[in-house]
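Please open the structure in your viewer and keep the selection tool at hand. The tour below moves from one selection to the next and says what to look for at each stop.

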Amino acid sequence: MGFLGRLFGMYTPEERVARARAFLEKGEPNEARIELEGLDQPDAVAVHGQACEALVQLNLDEAIARFTAQDEDGAREHLEMAQAFGATRDQLREVRRQAREIRDEERRRIEAEQPAEVVEQEGDDPLWSLPPGDPRVRFAMLVESYPPALRERLAALGKDFAAAVLLKEDGQAAQAWDALSVWVEQEPAARLERAKAALAANQWAKAASDLATFGDALGHQRVGGLHTSVTLAQLWTRMGRVEDALELVTTELARDPQDLALRGTHAQLLEVAGRLEEAERVTQQTLEQAPRDMGLYRLLGRIRLRRDDRMGAMQALEGSLRVGKCETPGKCGYQPPDPDALRMLARLYLEDRIDPKRARQLLELLGAVAQQPTWDDAYLAALQARNDGQDTTQLVTELRAQVGPGDPRRALVDQAFAAQLTG
């Protein structure tokens, strides 16, 4: 009830501070942080700071553990979370330093276990025979999952290029972009790394330009976990070039029709372009190939809602919850419920006054998985209060005050509470 309690104002600020302190004592800093969101009293701010400090340390420790386990992606995710909770630059730099030491130690262990002649490599991959401190060793680990031809082109650019790429990995994205600019004219493959630096620096236009040139020169391709055409299409969409993004993805799909990232992006772009019937068909076809992709269920629900097929939207969103129930926590394949899908589904039940018991179940489930209450959660709380026959005047006033006249959320409120607003 903590989540709903905050939404309905069931706890006083003093009680919320006390609850937050109790969460901290139990070793649950994230619950403490969430409990204090929106409070600005000095004692609340102090406890909130303690919770964030604890979350920073937890995520830094977990990042080091992930680096030790050679889970680079997981480690980076925890570094990002630590930064979001207020980690200082020095704290992040220290973890990255420890990560380098862990990589170097692993390199030395591997070299010590190999026969001497293996260290003196001849042939395709001389990077692995370099001293552990050479930046090309770290660079080689970064590009290990790249397509072989691309990896070789980048490795041939040498030590200074590797050092420039590593600037981004060390949190210096803008400096990396400048340093990599030396190589982009002589080697089009270098534009991929400069685009990644631009992405890290939130320079969307620069990243899109480099990815487009890279694709023209070498062909769009999957590079590790990134598909260059998907990323470019997303950037163009952000920049308002939806038709260009659609044309690009359609062309790439003709070359690789089974790539799920391309197919999912195609469906999303069709929705953005307002081609809802096509978007629904493509989403359903993609779901047949990826039946556990919660994002596709959410997309299908959103498309059907825009087509005014509210029951169809509910069926799609309920389907995403059944995916989560297929496994149990701790078992391979388990996926927690998607908060955004839960919000959309609860909204439909509450707006249409369908199955009050199910609506309450969804709100409780949302409270268990949501990180912190949002405007949408306050809207759901107001709908629940309306359906329970409570006075929602204050709730509706606050909801409308938080969004401008042109915001579609204002229209949602006006429609759901029309009787009250005109009464």
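A residue is called buried when its relative accessible area is under 20%. With that cut-off in mind, and remembering that this is a predicted model, begin by selecting helix α10, residues 159–169, where Phe161, Ala162, Ala164, Val165, Leu166, Lys168 and Glu169 are buried. If you then step just past the end of α10, you reach Gly171, which takes a positive phi of about 85 degrees.

Keep Phe161 selected and add Leu150 and Leu154, since these three are the residues with the most contacts inside the largest nonpolar core, which has 46 residues. Around Leu150, leaving aside residues up to four places away in sequence, you can pick out Ala189, Leu192, Phe214, Gln221 and Val223, each of which Leu150 touches. Another core, of 30 residues, lies apart from the largest one, and Leu350, Ala382, Val403 and Phe417 are among its members. In soluble globular proteins, nonpolar side chains tend to be buried together.

Leu350 also leads to the next stop, helix α20 (residues 339–351), which should be shown together with helix α21 (residues 356–369); their axes come within 9 Å and cross at roughly 155 degrees. Angles over 145 degrees count as roughly antiparallel, and α20 and α21 are therefore roughly antiparallel to each other. The crossing is left-handed, and where the helices meet, α20 contributes Pro339, Leu342, Arg343, Leu345, Ala346, Tyr349 and Leu350, while α21 contributes Arg358, Ala359, Leu362, Leu363, Leu365, Leu366 and Val369. Sorted by class, this contact has twelve nonpolar residues, two charged ones and no polar ones.

Now select a second pair, helix α16 (residues 260–272) and helix α18 (residues 294–306), whose axes come within 11 Å and cross at roughly 20 degrees. That angle makes α16 roughly parallel to α18, and here too the crossing is left-handed. On the α16 side the contact is made by Gly264, Ala267, Gln268 and Glu271, and on the α18 side by Leu296, Leu299, Arg302, Ile303 and Arg306. The classes in this contact are four nonpolar, two polar and three charged residues.

For the last stop, go to Pro29, which is found in helix α3, residues 29–35. Is Pro29 buried or exposed? Its relative accessibility is 8%, so Pro29 counts as buried. Not counting residues up to four places away in sequence, Pro29 touches Leu24, Ala51, Ala54, Leu55 and Leu58. To finish, select the C-alpha atoms of Pro29 and His48, which are separated by 8.8 Å although the two residues are 19 residues apart along the chain.

How values were computed: Residues numbered from 1 in each chain as written. Predicted model: local features only at pLDDT ≥ 70, side-chain atom pairs only at ≥ 80, totals over all residues. Heavy atoms only, no water. Axes fitted to C-alpha atoms, helices over the stretch in contact; angles between N-to-C directions. Helix = DSSP H or I, 4+ residues; strand = E, 2+ residues; numbered from the N terminus. Parallel < 35°, antiparallel > 145°, perpendicular 65-115°, else oblique. Left-handed = near helix turned anticlockwise from the far one by under 90°. Contact = heavy atoms within 4.5 Å. Nonpolar A, V, L, I, M, F, W, Y, C, P; charged D, E, K, R; others polar. Core = buried A, V, L, I, M, F, W, Y, C linked by side-chain atoms within 4.5 Å. Buried < 20%, exposed > 50% of the residue type's maximum accessible area, 1.4 Å probe, protein only.
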